Amino acid sequence: MNKNKEQLLNKRYRAERRFRLYGQSAIFMALLFLTIFIFKIFSTGYSAFQKTWLIVPVNFDAEMMMIDQNPSKEDLQDADYYDIALKSMADLDQNANDDQKNQLKRMVSYFFEKEIKNEILNNPSLIGKTKEVYLTASDDLDQVFKGNYPRDLPEDQRRVSDYQLKIFDQLVAKGKVESKFNISFFTYADSREAELAGIASSFMGSIFSILVCLMIAFPVAVLAAIYLEEFAPKNRFTDFIEVNINNLAAVPSIVFGLLGLGVLLAIFHLPRSTPLVGGITLSLMTLPTIIIAARASLKAVPPSIREAALAMGASRMQTTMHHTVPLSMPGTLSGTIIGLAQALGETAPLILIGMVAFVNTIPGSPMDPAASLPVQIYIWAESAERGFVEKVSACIMVLLGFLIIMNLFAQIIRHKFEKKWS
Amino acid sequence: MRKNGVKMIKIKAKDVDVFYGKKQALYNIGLDIEENQVTALIGPSGCGKSTFLRCLNRMNDVIDICRVKGEILINDFNINDKSCDVVRLREKIGMVFQKPNPFPKTVYENISYGPTIHGMAQSKQEMDEIVETSLKKAALWEEVKDRLHEPGTGLSGGQQQRLCIARAISVRPEVILMDEPCSALDPIATAQIEELIDELKKEHTIIIVTHSMAQAARVSQNTGFFHLGHLIEHGSTDKIFKNPDNTKTQDYITGRFG
C-alpha cells in the first residue's frame, strides 16, 4: 500500500470517528435536557401528592349543633356544624382573642365544617363525645410543613402570621400534624383554594374531549384515507386535496380554536366550555394527522396482496375491506393514538372555546362545562398562591403519564401485529 | 387437446395494442391459445410478455395509465367488451404471480377466500373438501394438512407458491395464468411446480410467462416469442426450439441476445 493511500484511509476513519462523536454529543444533549426537565417537574411536583392534615379535637355537642340527642339522618344532614367547627379551632388556644380566633380558623380549609359533618355522618354515636378529627390544613401551612415556605420573611410579607406559626409548631410538637397521600387531588374539581384543588374536572374533561375527538376524527379520517388511496383516480384534483391535507396538518392549533369559536359557538350555538365543542375542535386538528398515518399504512400494504385478491375475482371493495384495510389497521391505529396524544396536550384552541373557565364541578357528560388537563396547568400556573406551584408540576406529571401510556399503547399495537405476519 | 384432429382454441387474441400513457408496450398481438395445453411466452425482459398475460384477466385495469385496444376472445366472448364483468372473468381465469403472494392469513383461509366470495360452498364440509382437493391438486396437502390454521406466510418459498396455485385452482378456473412462477424459487421447488403444471393442464388451460427457455421447453406444448412489444413468432414448442422461422427467435433461443 502506498503512503498516499494510507493517509487517505486514515482521513476517512478520522472523519467517521468525528461524525460519531457529533452524533453522540447530540444524543447526550437531548438526554440532558430531558433529564433536567423531568427532574425539575418531579422535584417540584412530588410534594403535591401529599397533603397536610391538622388533628383537632372536636366536641360534638348536640346543643351547639341544634339537634336533639337521638337525631335522625335528616337531622344530621341539616344540623349546624359551623359553630362546633369554629369552636374546635378556637379551643386550640384557650387565651385567644377574637382576632386570634379568626386566625385560628384560617389555619384549616373552609371545608373544615364539611369534614366534621362527614365524621359524624359516618358515626352518629359520636354525639356528645369528643373526638380528634383530621382537618385539611390551609395551603400556606401545607407549604410550611413541606418546607416550601420561607419562614424567615418579615411577617407583613407572609400570608401566615407569627401567631399561626406558633400554634402550628405546638401542634407539630404534639404530633398533631400529619401528612397523608393526597386523594383529593384526584377526586376534587378545581378550587380557588390550593389545598382543595384537584384535577377530577379537568381529567374527565380531557377524557370526554378525546372520546368526542376520536369518534369524529377516526371514522372520517379513515374513510377519507381509504377513498383517496384505494378508489380515487390520481389526477390534479386529488393531488390538490393531498397537498391541502398536508397544509391542514401544519395549521397552527389556535386557528382551529378560532374556527370552533366562530362556527360551533357563534353559528351552531353549542354549549360553551364543554368537552363536546372541545372535542369537535380537536378532531379538526387530528383529522389530517390520522389521514396521513392511514394513507401511509395503506401505501405500505404490498401491492402484491391487492393483486392476489383482485386476481381471485374479489371486487375492489372486497379487496380493500378484506385485505388492505385490516393489514393497514395497526399503522392507522398507532397514528390515531399519536394524533390523540397531540390533541390531549393541546391548550390554545380549548382556551378560545372557553374551556379555560373556572369549573368546580366534575362533568358527567361531554355536554357539561369542564376544563382539560393542559388548560388546568395553564390556569394554575397563572394563580398567585404558593400552593399551586407544586400542583402545576403534579398536573404535568399526570398529563405526561397519560401521554406515555398512550404512546406505549401505540407501540404495542404496532409491534404485536407486525410480528404476527412477517 | 385435439378433438378429431382439430385444435380447440380457448383464447383468441386479435390486434391487441397496449399503451402505458403515451408509450406503446404491445403492437398488434394476434395469438391463439389451445385448450388444455401449456402455452409458454418467452422473450427478453421488457418485451411485453407479462403485459400480454395481464391483458387476459384484465389485471391491467388496475394501472391507471394503461389502455388496452383490440379483441381478446375467451370462449368466443370479447373480454374487452363493456359488457364483460371483471369479477366473473377473474373467477374463470386464475393467476399465479412471480413472487409468491399468499394472504397474511392461515393456509385454510388462503384457499377458502375465493370460494367464499364466489359463494361456491354451502357448508363447512363443502369448504373443507374444496380446501383439501385444491391442496391435493397443488401437491401441498401432505405437507400442510397438520398446519392448515397456521399462517400461510410461514411456509417456505416453494410451498408458498404451491399455496398460491392451490388458491388459484380453488375456484376451478378454466384458464390459469402464470407470471414467471418459478423465478423466486430454488431448483427443487421449481421442479415440483413444473411437475404440477403438467398435471394441471389436464383440467385447465395454462399460459406461463418464463425467462427460462429450458423451462419453456420442458413444460409447454406451444410457445410464443415476444420481442420489443411484438409477437415475433408462435407455434408448437418443438418447432420454435428446433426450427424457428425467424432469425430473431433463432438468435434468442441460441442465447445470442436476451
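**View 1. Here is where chain A and chain B meet, with 22 residues coming from chain B and 16 residues from chain A.** Keep in mind that this is a predicted model. On the chain B side, the elements that put two or more residues into the contact are α2 (86-92), β8 (93-96) and α3 (107-117). Sort that side of chain B by class and you get 11 nonpolar, 6 polar and 5 charged residues.

**View 2. Now we look into the largest nonpolar core, a set of 70 residues.** Ile176(B), Leu177(B), Ile207(B) and Ile208(B) are the ones with the most contacts inside this core. Its largest share comes from helix α6 (residues 157-169) of chain B, which supplies 6 residues. Another core lies apart from it and has 63 residues, including Leu264(A), Ile280(A), Ala370(A) and Cys395(A). As a rule of thumb, nonpolar side chains in soluble globular proteins tend to be buried together.

**View 3. Who does Ile207(B) touch, once its neighbours within four places in sequence are left aside?** The list runs through Ile33(B), Thr39(B), Leu41(B), Leu53(B) and Leu56(B), and then on to Val175(B), Leu177(B) and Met178(B).

**View 4. Helix α3(B) gets a close-up of its buried residues.** They are Val107(B), Asn110(B), Ile111(B), Ser112(B), Tyr113(B), Gly114(B) and Pro115(B). Among the elements covering them are α4 (124-137), α5 (141-144) and α6 of chain B. Just past the helix, look for Gly119(B): it follows α3(B) and has a positive phi, near 60°.

**View 5. Six strands of chain B line up here as an open sheet.** Read across the sheet, the order is β8-β9-β10-β5-β11-β12, and the pairing is mixed. β8 and β12 (230-236) of chain B sit at the edges with a single partner strand each, so one side of each has no neighbour in the sheet. On average, neighbouring strands are turned by 15° against each other, ignoring direction. In general, strands of a sheet pair through backbone hydrogen bonds, and they can do so parallel or antiparallel.

**View 6. Zoom in on one strand pair from that sheet, β11 (residues 222-227) and β12 of chain B.** These two pair in the antiparallel sense, over 6 bridges. To find your way around, pick out Phe225(B), which stands opposite Glu233(B) in β12(B).

**View 7. Helix α6(B) lies across two strands, β8 and β9 (175-179) of chain B.** Compare directions and you'll find α6(B) running at about 170° to β8(B). This is also the helix that gives the largest nonpolar core its largest share, 6 residues.

**View 8. Over in chain A, helix α3 (residues 82-90) and helix α5 (residues 112-122) cross at roughly 105°.** Their axes come within 9 Å. That crossing makes α3(A) roughly perpendicular to α5(A). Tyr82(A), Ile84(A) and Ala85(A) make the contact from α3(A), while Phe112(A), Glu113(A) and Ile116(A) do so from α5(A). By class, this contact has 5 nonpolar, no polar and 1 charged residues.

**View 9. Last stop: Ala121(B), in the loop between α3 and α4 of chain B.** Is Ala121(B) buried, exposed or partly exposed? With 17 other C-beta atoms within 10 Å, Ala121(B) counts as partly exposed, because a residue needs 20 or more to be buried and 12 or fewer to be exposed. Leave out residues up to four places away in sequence, and Ala121(B) touches Pro115(B), Glu126(B), Met127(B) and Ile130(B). Arg256(B) is 135 residues away along the chain, and its C-alpha atom is separated from that of Ala121(B) by 52 Å.

Note on methods. Residues are numbered from 1 along each chain as its sequence is written. Chains are lettered from A and ligands numbered from 1 in the order in which they are written. This is a predicted model: local features need pLDDT of at least 70, side-chain atom pairs count only at pLDDT 80 or more; totals for chains, interfaces and linings use all residues. Two residues are in contact if their C-beta atoms, placed from the backbone, lie within 7 Å. Helices (H or I, at least four residues) and strands (E, at least two) are DSSP runs, numbered from the N terminus. Ala, Val, Leu, Ile, Met, Phe, Trp, Tyr, Cys and Pro count as nonpolar, Asp, Glu, Lys and Arg as charged, and the others, Gly among them, as polar. A nonpolar core is a set of buried Ala, Val, Leu, Ile, Met, Phe, Trp, Tyr and Cys residues joined through C-beta atoms within 7 Å. Two strands pair if DSSP finds at least two bridges between them. Axes are lines fitted to C-alpha atoms, for helices over the stretch in contact, and angles run from 0 to 180 degrees between N-to-C directions. Angles under 35 degrees count as roughly parallel, over 145 as roughly antiparallel, 65 to 115 as roughly perpendicular and the rest as oblique.
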